Structure formats: C-alpha cells, structure tokens
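Trainee: I am new to this structure. Could we go through it together, please?
Mentor: Certainly; please bring it up and ask as we go.

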Amino acid sequence: MPAEAVLPGFNRMIGELPLVDQHAHGATGHDLSRAAFEELITEAHGPAPDWMTPFDSQLGHAILRHCAPVLGLDPFASPAEYLARRARWGAEEVNRLLLGAAGVAHFLLDTGYRAGEVLGPSGMARLTGAPVDEVVRLESVAEQVAASGVSAAGFAGRFAEALAERARTARALKSVAAYRHGLDLDPEPPSAAEVTEAAGRWLAAGGGLTDPVLLRHVIWAGLDLGLPLQFHTGFGDPDLDLRRADPLLLRGLIERTAPAGVPLVLLHCYPYHRNAGYLAHAYPHVFFDVGLSVHHTGARSVAVVAESLELAPFTKLMYSSDGWGPAELHFLGAELWRRAMARVLGAFVTDGDWSPAQAVRTATLIGRDNARRVYRLGGAA
Amino acid sequence: MPAEAVLPGFNRMIGELPLVDQHAHGATGHDLSRAAFEELITEAHGPAPDWMTPFDSQLGHAILRHCAPVLGLDPFASPAEYLARRARWGAEEVNRLLLGAAGVAHFLLDTGYRAGEVLGPSGMARLTGAPVDEVVRLESVAEQVAASGVSAAGFAGRFAEALAERARTARALKSVAAYRHGLDLDPEPPSAAEVTEAAGRWLAAGGGLTDPVLLRHVIWAGLDLGLPLQFHTGFGDPDLDLRRADPLLLRGLIERTAPAGVPLVLLHCYPYHRNAGYLAHAYPHVFFDVGLSVHHTGARSVAVVAESLELAPFTKLMYSSDGWGPAELHFLGAELWRRAMARVLGAFVTDGDWSPAQAVRTATLIGRDNARRVYRLGGAA
Amino acid sequence: MPAEAVLPGFNRMIGELPLVDQHAHGATGHDLSRAAFEELITEAHGPAPDWMTPFDSQLGHAILRHCAPVLGLDPFASPAEYLARRARWGAEEVNRLLLGAAGVAHFLLDTGYRAGEVLGPSGMARLTGAPVDEVVRLESVAEQVAASGVSAAGFAGRFAEALAERARTARALKSVAAYRHGLDLDPEPPSAAEVTEAAGRWLAAGGGLTDPVLLRHVIWAGLDLGLPLQFHTGFGDPDLDLRRADPLLLRGLIERTAPAGVPLVLLHCYPYHRNAGYLAHAYPHVFFDVGLSVHHTGARSVAVVAESLELAPFTKLMYSSDGWGPAELHFLGAELWRRAMARVLGAFVTDGDWSPAQAVRTATLIGRDNARRVYRLGGAA
C-alpha cells in the first residue's frame, strides 16, 4: 500500500483525536459587539486604527474560513456576515457550537486572568460536557493575599496557606513572570528576610506583583507543592518585552529544579519555539507547547508546528489553545493544530521518512497522552 | 471552480501589480567592471578572495536566472556572459530595462548613502517615468550640519533648521542608528545640555555620527516632524553588529512614541523578521518590510516572505527593494517578491486556507496600498 | 527537457558524492546495551525517565527508518528489533556497514572528547578505508599540560610547545569555549601576565579549563599557528547555555582576525544557523556547517539545510556529521544531508529558480570541495 493511501485514515484519526487542552481560559459568556470582538482577536491594546481591522490577519482569515462553517455560513464569509450570524445565534449557542467542534476531552483552565469577564471551570464544563480542571496563577494568588490585608512579615505564610488551599484541587500552577518582570530572574529562591522586605515595599506601594524578589518567591513556593508549573514564554500582549520572554532565560531555574524533577511547562514560546524544543530535549522535566501561536499564525501554523517537531522528544510536547474570550480561539487552536499535524506528519509519511504508525503514535502523545501523564488526568496513556 | 483554477489569474495580478518601493537608493549611472559589480552584489567589504565569486550565492544565481532574460540572454547565462551583455548594453540601457521590468509605480529614495555614486531622485524619475520621493537620512543631515561649521551650542538649532528644510518635500525620515551604535539606545530623548555636550565632543573629534546621545537626539528631532521614520534593522554590511540590530531593541522607543503615533517602519529585519512581525502586531504605529532580505535570499525568499506573514496584520507590512547600485537589485527585489507572494498566498488558496479574494487584497495592501496610506502618496487605497 | 527530468540524475549524483566529514569523532568500538545506546542518541544527561525512550524523537525515527535497512532489516523496525539486530552483527560489523554506507571520503576527527571510549583516527581509517586527519581540541591540550605538572609561569610556554607538536600533523584546531564559558569572551588576547595569573588560579583549583582568560589565550595561541579554527556554536548537551552559544557573539574575534584571515569554522549552529550564514556572508574567513543539527532533526533536517542556504555564499558552507559514539550518527549525518540537499536543491531546479548545473556545483562545493580547499586536503577542487 503506497504511503499516500494511508493518509485519509491518518487525517481522520487526527480529526477525531480527543484532545487535552493543557492551557486555556474561559470563553466569554455574553454577546460581543464588533468592536469588542475585534479587540479580542489581537494582542494589541485598545481599538484598532480606523484604517484597519484585525480581520486582515492570519487569525482573522482563519475565523472566516474555519469558524464560519461551524456557525452555518459558507467559508470566507465577510466579517460583517460572520458577526451578524454570531449575534443571531447568541453567545451561549456560539460557545456550544465552537467548543463542541474543538473536540477537547479535558480542559486545564487558567482562572487567574480577568476571571470576571469569562466563564469559570463550571461554566466551561457545562458547555462542553468535558472535565475542566484548574491551573492556579501564582501572581494572582499573591495579589489576592495582598488585597486581603496582610503584614509584610505575614505575607509569606499567608501566601503559602492560600496557595496550598487553591492547589488542593488544581492540576497545575502558572507564572506570568514574563509579563511582570521578564524571565531574566535570579534563579535562586530569595531568603525569608528578602521576601519580607520586598513584601513590605509592595504592600506600601500597591499595584500588581512585579517585584522580582516576590516573583521568585511565588515560583519557588509553587515548586515546593510539586504540581507542574507552567510559564508564559514568547509573545503576548505589549505589556511584555519579547526579548525578556525567551524561555532560554529560564535555564538557571531549570538546572536548579532538575533534581526534584517537578515538570516545567513552557507555554506559547513563539518565536522562540526552537529554543523551547532544545530545552525539552536537554532536560527531562521540561515540556512545552505552541498554543496561542497556532491560532495567531493561521495558515502559517503548519510551519510553526513543524518547527516545534525538531529537537524535542515527542513525549515532551503538548497541545493547548490558550483561548481566552471568544470561543473561536478555543476552536481554532484545536482545528488549526489538527490541520497542521495532519499536514506535517502526513508529509513525513508520504516522503518516506516516518511510518504511519509513528505518525499516529506521535499525534496521540502530543494531542492527549503526554498531558494525561504530566497532569495525572487518568485515562489510558 | 477548484482553487487551482484561480491561480493563473492571481499570478498575473501579482505580476502586474504596480508596486510602491518604499525604501530604495539610486541605481549606478555608469558602467561597472566585473570586480566593481561583484563588490556590489554582496554586503561583504572589499574584493572577494580569489577562490570564490559572489555569483556563487542565492543573489548571484537569481541574477543569472531572472536578470539575464531582461537583458536578452537565456536564463542561467554564465557570469562572464551576463557581464559581457551588461557591458554591451551600457549602464543607461541596463538601468532602463531592469528598472522598467521592476514594475514600480512610486519610489521612496534614501539619498543619504554615498549619494555621489548613484543616481538621485531626478535621475531615477527620468529612467523609470515613476514619481520618486525622498527619504531623508537623519545622520547624514547631522553630518552635513557638522561639516558646515557650527558650534556645540548651535548644533541642535542648526540641525532642526536643516532637517525641517529637507523634510519639506520628503515623504519619510530614516535612521541608521543600527550601524552607528546599535539599537540598544536609551529610549528617552536627551536633554538640551546633554546634546550640546555631546555635540562638543563630536565636533572636536570629527568623523561620522556615532555618539548615542546625538543619535537619540536626531531620532527625537525627526519624530517631532511627524513624518514616518524608517529604521535599518537586521543584517547589513559588517559595520553592524547583528545582535544589536534586532528590532526588539526598539521596544522602549516604540512604547514612548505610541501615543503620538508617528509611523515607525522597520526595514529589512532578517533574521529578526518574526520579531518585527510581532511588533507590527502589538503596536498600531509599527510597520515593517523584508527588503534587502528578498534579493539576498534568492530562491529562498519564498520562506522569508512566508515567515513575514505570521503575526503581522496585513495592513502593517510593505514592499521595498533596498536596491543600491546595480539596478539588478531594484528589479530582483520586485521580481522575487512577486514570485514569493504568488507562491505563498497561492498555496494558502490551493490548500483551502484563504479565498482568492483574500489573497488579492493582501497582496495589494502589502505591495502598494499600505505604503500609499502611510506615506500619503495619493492614489486609491 | 523539463526540469523534473534531470532530478533522478541529480539525486544519484548527490547520493554518490564522496563527502568530506569536516568534523566528526570516533565511533564506539564495543557493543552497546539498550540503555547505553539510548543515552548516546540524545544530548540529555543520564538515563531517560521510565515513561519515555529517546527513540520517540526525530533522531530515533531516523535510525529506525534509515539505519535499519543498512543492517538488513526493513525500514521502521521496532527499537527492540533494531537493537537485537545490532547486537547480533556486533560493533565491528555494525560500524563497517554504517560507516561504509556514509560514503565519506575523508574524515577530520576531533580527538579531544572522551577519546578513550571511541575509536581513534587509525581505528576509523581501518574501518572506513578513508584518510582520517585530526582536529586538535585546544582545551584538551591545555588540560593535558596542566595535568602533566607545570608552573603558572611555565604554562604558556609549555602549552605553546604541546600545541605546536600536536598541530604538526593536524588539519584544524577546535575550541569548545561555548561549553566552558560561553562565546561572550573579550575578543582581545590576554597579556602574558594575565595568562600567568589565571594559570596560577587554575592550577591551584584544578578541574577543567573554564577560565575566560585562559580560554582566550588558547584561542589566540591556536590562531597564531594558522590552522583553521573550529568553534562549537549552537546547541549541545546541557553543560552549555544556549544563549551564550550564538555565533554572533564571536563578532569581535571575527573582526580582529579578518586581516590575518585564518579560517574560522562555526560548527552545528542550530538554532542560530541563519546568524552563522550572515557571518559567512559578511566575512571572507568565516565558514560554517549544520552538523549535529541534521541527524537530531531527522525528517525536519530538510528545513534546517534549506535555512542554511540563504545568505551564505556557497563557498562558505561545509558538511559534517559531528558523529560521536554510535556509527548511526556518522551515517545519518551523511544520509540525511544527502536527502535534504537533494530535496532543497532539487526543488530550486524544478521551481525554475536554479539550473541543474548550479545545483550540482553547489552540492559538490558544500559536500566536498570547500573542505578540501579550507583544510588543504588535496584532490581536485
């Protein structure tokens, strides 16, 4: 049987693989105006200039191509047609259609970002019928502790209690140090005295957690709990300095945490996904994904996915959407990932480089089984 | 109609699209010896070692493949045949043939680099029949002011006057701070006292403008005029430290200029074009191109163009050749860009990811309309 | 004749081209257990976790695909089948089969890394029937001098003598400063007094050579001998900080050595191979390869090889395997490089961008003739 003959079966298998979305946020539960929708499909801040629309982008084109049919339109509807149809269905039905079409069997939900504006774990579980577990954002817990009224000397203890309580039912922790300071942090844990002093400064000044001493403290406190720790790396909104979001900056921390072996999961990574692949190759406890990158690069996500399949062992890469807000992002993460994997691994097979069985096994590891193992989600792995 | 059936029409449309070359220099007006020609088709300094010729490169192969037919030879002529034919036609006719074949409807010409060796705006306009507008290089204006005899205290004022005068008819300004110091500049404007002090040091020492205080000053003085400001970023000749030419280093300046919104245009960018795409995504006033990279990567320019079409909104990318000297560079910039766009966007269409209309619209934005809007060139956009 | 019609001949030519492997190490002369074999096909340290096998990687898949047939198995044997067959043949025959299938006409062997565990030049020559010349690792020579008992004041002289002796028959020198410190070294040679002082500290402390003053000294002492100097750059095992292995960090040294023109050869380079291509373009005495990267990226090596063919003149790129230990690595370096070159250059031809003659010439330069010239190996170049 020629290699090409196995492709339809392989494509169907990838299309039907129940995914673990190892890093997502809630979908918006309410209807969105055109302006609000457009602001949510770009990482840029504020409304777009009047001479452009975010639909003129890979993500915009992917929405019109892939989401329009899910809402019952022909592919390549206009933005106006698409948004009119979206409004007619209403948020609840749009979410049900798009999240259903994503084919995700298990969500890990980061609940620490503008949680009041999107659905929480129970809302997402209700809509999708899939189990939804929580990823706890370290910085958000620290900010809640600070807001609750605590002394500088009491901060570390109260944070440890609050984090332990939140972590009881969570599957993972997450740090957004890349946003708050950059990943160029001293890799050593700070001393208790340093933490108290930094907490005193922070509690007096107020605002979000950006102090590098406290960022290090919450990371090390998280590591102590033993749950997998996710890191935002690579691009994101302009609060972040992309130069300081290169996952290679985590090398010191990776070296120091190798003996304990708590899984470290590098999220997104673009345009540093090859660097992430190297770290996943070199260190047994490092994992990564190219979530967020996939839906933002649209028709080019095939190249990004291909580049993620170079140095990294196939047991070290996972799937995520990083969807937040419009359920289009949760759906496109999955849909574009499936298309990219089908094309990239399919080409390995038809070029005679891989066997069909290797392609199936690799897709299953990355789409589902690696996350089941890392996060102890159960299910045959 | 299957997607493939629309490709011939799409390829013809791209082939015939009148381009705005938003950053070029003059073509050489005189005949060139083989040695002179070879020095002008590489960024390396000095004559090539005797065991190599710059024709053994992507650019060299592209000249023999694409320029030879414009001069009436078969594709893949030898370098000797090509240069003999070039000599027989003579510089005037070679320029007319190659610049004509580029299909450029409007040139923006940086006149600040070795202007005496190449044609100026009027010469280029005469040869091409297209409007040619000027891009004023900030550092060159400062050097002219210094050469004219000025006191340290008088420098800032005289520079402001000279720049305003030059800017009256220019469409854009440009900084080569990447060459002179690196883009790792303090993003704040210097104080008047700092400028005077730095000008004193410079005027005493002589030489080109490399002082970081004065580089910051001329950039901020340019920004005050409100014209789009182009920055050399990415590779170039070895005067430049490529690590210090990463456009991400401009983030501080980009953040500070976002409120005023003067367009910042990142030129060339390779191998940091994905970083440039991120900046163009994240900030409404940031634009970029992959000029220079396209002709130097030849048959591989399709990959570079594809990578430029990831994060960036399609309203933020422009076309340029960065041709300087041999008109082959002005022509190949356009020819290879057209071929790359036809292949990359054509594959999006045949793979079912984009509609033909999206491909046409995107090519037109990038090849012409974005530049018309950014530089207020007129013409339907 | 259509372009496609020439491809079979071109593929055959690439398949039969006798290569110069300009940077390899010895093959293991003894049988390997599964655990030992698996540790040698990854850059990670120590045994793999029990939930993974290094065979689940591009390199693992490539072994099962390409090496299995060399040992008489069908492609895509299981790891167990492959290792059983390997054990049945025995190390001597496995080496003979795989090294023979590599088609290498001349090896340059770095003998400075765990030399006791692998075959030396004479063993490799006996197995392959090809000439094997030595690459002398500067840091290893320095460590041998230190171990032999030397005073701080006598170190520089004794090192110079030892190096000159070793260099008498060697074809090249090599530095692993990327591992020992990072390439972010002061590009100037240290003074004699600095060397003596640093040698004193080192001799008192013991251990491997990691002192930046001494690393600079051995590099400059090597440059004085005039032999081509290879540098490890890019990824490797986790002893190395990948951020500090970017070949762009060598710019200062490259600038200072340009007048003398001793060839500097950047090895491996991934994921910085485009940076290496720029340096090879900009400086006549800089060369590079993508060895090590090719076998580790397996089915994706076609992309890596393609990216290496952008800015670099085709006279500046060479072939190497960087094989160490299992002869699979020496074979796959060659086999995957041939496949990648055939596909990349073949596509240039069928797309109409290159002539068949250009493809043949370029493959021959990179696979053989550039190394013959740089290392003065003799043979028609």
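Trainee: By what turn and what shift along the axis can chain A be laid on chain B?
Mentor: A turn of 120° and a shift of 0.0 Å along the axis lay chain A on chain B with an RMSD of 0.0 Å. The superposition is by least squares on the C-alpha atoms of residues with pLDDT of at least 70 in both copies. That is the relation of a three-fold axis.

Trainee: Which C-alpha of chain A is nearest the axis?
Mentor: That of Ala303(A), at 5.8 Å from the axis. The copies use different surfaces, as 3% of the contact residues of chain A recur in chain B; contact means heavy atoms within 4.5 Å.

Trainee: Before we continue, what should I know about the model and its numbering?
Mentor: This is a predicted model, in which local features need pLDDT of at least 70 and side-chain atom pairs count only at pLDDT 80 or more, while totals for chains, interfaces and linings use all residues. Residues are numbered from 1 along each chain as its sequence is written, chains are lettered from A and ligands numbered from 1 in the order in which they are written, and side-chain values use heavy atoms, with hydrogens and water left out.

Trainee: Changing topic, where is Ile14(C) found?
Mentor: Ile14(C) is in helix α1 of chain C, residues 7–16; helices are DSSP runs of H or I with at least four residues, numbered from the N terminus.

Trainee: Is Ile14(C) buried or exposed?
Mentor: Ile14(C) is buried, with a relative accessible area of 1%. Buried means under 20% relative accessible area and exposed over 50%, with partly exposed in between, using a 1.4 Å probe and protein chains only.

Trainee: And what is Ile14(C) in contact with?
Mentor: Leaving aside neighbours within four places in sequence, Ile14(C) is in contact with Arg338(C), Met341(C), Ala342(C) and Ala363(C). Its C-alpha atom is also separated by 7.8 Å from that of Val360(C), although the two residues are 346 residues apart along the chain.

Trainee: What about Arg216(C): buried or exposed?
Mentor: Arg216(C) counts as buried, at 10% relative accessibility. Arg216(C) is found in helix α11 of chain C, residues 212–225.

Trainee: Which residues does Arg216(C) contact?
Mentor: Apart from neighbours within four places in sequence, the contacts of Arg216(C) are Leu185(C), Asp186(C), Glu188(C), Pro189(C) and Pro190(C).

Trainee: Finally, which residues does Tyr82(B) touch?
Mentor: Not counting residues up to four places away in sequence, Tyr82(B) touches several residues, among them Phe37(B), Ile63(B), Leu98(B) and Glu328(B).

Methods: Helix = DSSP H or I, 4+ residues; strand = E, 2+ residues; numbered from the N terminus.
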